[in-house]
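Here is a short report for a reader meeting this structure for the first time. Please look over the sequence and the model before reading on.

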Amino acid sequence: VCIDCSGIHRMLGPTISKVRSVKLDNLSETVLNVFKSLPTDKVNQVWEGMIAEKASIKPNKDSDKDKREAFIRLKYIDRVLVKPLGKVDPLTKVAEAI
């Protein structure tokens, strides 16, 4: 996550999104193990399961703050990109992967 997007994540608060820095934060072994076992591409298979249908909304390195914030809100608050997994909550699927 780039510095601009990490600021947006932090602004949303820890009940929505938690951002950790491997350089700035003191990370417990448990947190490091979670990061190792859940790489971003695997987690995004859950959180962005429907991104192909809405690919134009995903920000890139040149996107402004408003576009980045709108995407992060859609992804983590509105959860519009999560591919339905039947009756299983996507967060449960992520937790099972840990």
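## A salt bridge to start with

Glu 48 and Lys 58 form a salt bridge through their side chains, at 2.9 Å from N to O. Both residues lie in the loop between H3 and H4, so the pair ties together parts that are 10 residues apart in sequence. The model is a predicted one.

Glu 48 is buried, at 8% relative accessibility. The cut-off for buried is under 20% relative accessible area. Lys 58 is partly exposed, at 37%.

## Lys 75 joins in

Where does Lys 75 sit? It is part of helix H4, which spans residues 65-78. Lys 75 is buried, with a relative accessible area of 5%. Its side chain makes a polar contact of 2.7 Å with the side chain of Glu 48.

Glu 48 thus has two partners to look at, and a network of salt bridges links Glu 48, Lys 58 and Lys 75. Lys 75 has further neighbours. Setting aside residues within four places in sequence, Lys 75 is in contact with Asn 44, Trp 47, Glu 48 and Leu 81.

## The buried side of H3

Two of those contacts, Asn 44 and Trp 47, lead to helix H3. This helix covers residues 40-47. Which of its residues are buried? They are Val 43, Asn 44, Val 46 and Trp 47. Around the helix axis they cover an arc of only 150 degrees, which puts them on the same side of H3.

A general rule of helix geometry is useful here. An α-helix has 3.6 residues a turn, so residues three or four places apart point the same way.

## The chain as a whole

Now step back to the full chain. How many helices and strands are there? The protein chain has five helices and zero strands. Read from the N terminus, the order of elements is α-α-α-α-α.

The chain has 98 residues, and 31% of them count as buried. Its accessible surface is about 7100 Å². Carbon and sulfur atoms account for 55% of that surface. Take the contacts between residues at least 6 apart in sequence: 57% of these join residues at least 24 apart.

## A contact across the sequence

Ile 16 gives an example of residues that are separated in sequence but in contact. It lies in the loop between helix H1 (3-12) and H2. Ile 16 touches Tyr 76 and Ile 77, when residues up to four places away in sequence are not counted.

How far apart are Ile 16 and Tyr 76? In sequence, 60 residues separate them. In space, the distance is 6.7 Å from C-alpha to C-alpha. Ile 16 is partly exposed, with a relative accessible area of 33%.

## Other salt bridges

The count of salt bridges comes to five. One of them joins Asp 25 and Arg 10, with the closest N and O atoms 3.9 Å apart. Asp 25 lies in the loop between H1 and H2 and Arg 10 in helix H1, so the pair ties together parts that are 15 residues apart in sequence. Asp 25 is partly exposed, at 27% relative accessible area. Arg 10 is partly exposed too, at 45%.

Lys 61 and Asp 62 also meet in a salt bridge between their side chains, at 3.6 Å from N to O. Are these two residues buried or exposed? Both Lys 61 and Asp 62 are exposed.

## Ser 63 and a backbone nitrogen

Ser 63 lies in the loop between H3 and H4. It counts as buried, at 12% relative accessibility. What does its side chain reach? The side chain of Ser 63 comes to 2.8 Å from the backbone nitrogen of Asn 60.

## A nonpolar patch on the surface

Which residues make the nonpolar surface patch? Val 22, Leu 32 and Phe 35 do, over about 270 Å². Leu 32 belongs to helix H2, residues 29-37. Leu 32 is partly exposed, with a relative accessible area of 33%. The cut-off for a residue to belong to a patch is over 30% relative accessible area, so Leu 32 qualifies on that count.

Methods:
Residues numbered from 1 in each chain as written. Predicted model: local features only at pLDDT ≥ 70, side-chain atom pairs only at ≥ 80, totals over all residues. Heavy atoms only, no water. Buried < 20%, exposed > 50% of the residue type's maximum accessible area, 1.4 Å probe, protein only. Helix = DSSP H or I, 4+ residues; strand = E, 2+ residues; numbered from the N terminus. Arc of directions from axis to C-beta. Patch = residues over 30% accessible without salt bridge, like charges linked within 9 Å, V, L, I, M, F, W, Y side chains within 5 Å. Areas by Shrake-Rupley, 256 points an atom, 1.4 Å probe, with all protein chains shown as cover. Salt bridge = Lys/Arg side-chain N within 4 Å of Asp/Glu carboxyl O. Contact = heavy atoms within 4.5 Å. Polar contact = N/O pair within 3.5 Å; in protein donor to acceptor, adjacent residues only side chain to side chain.
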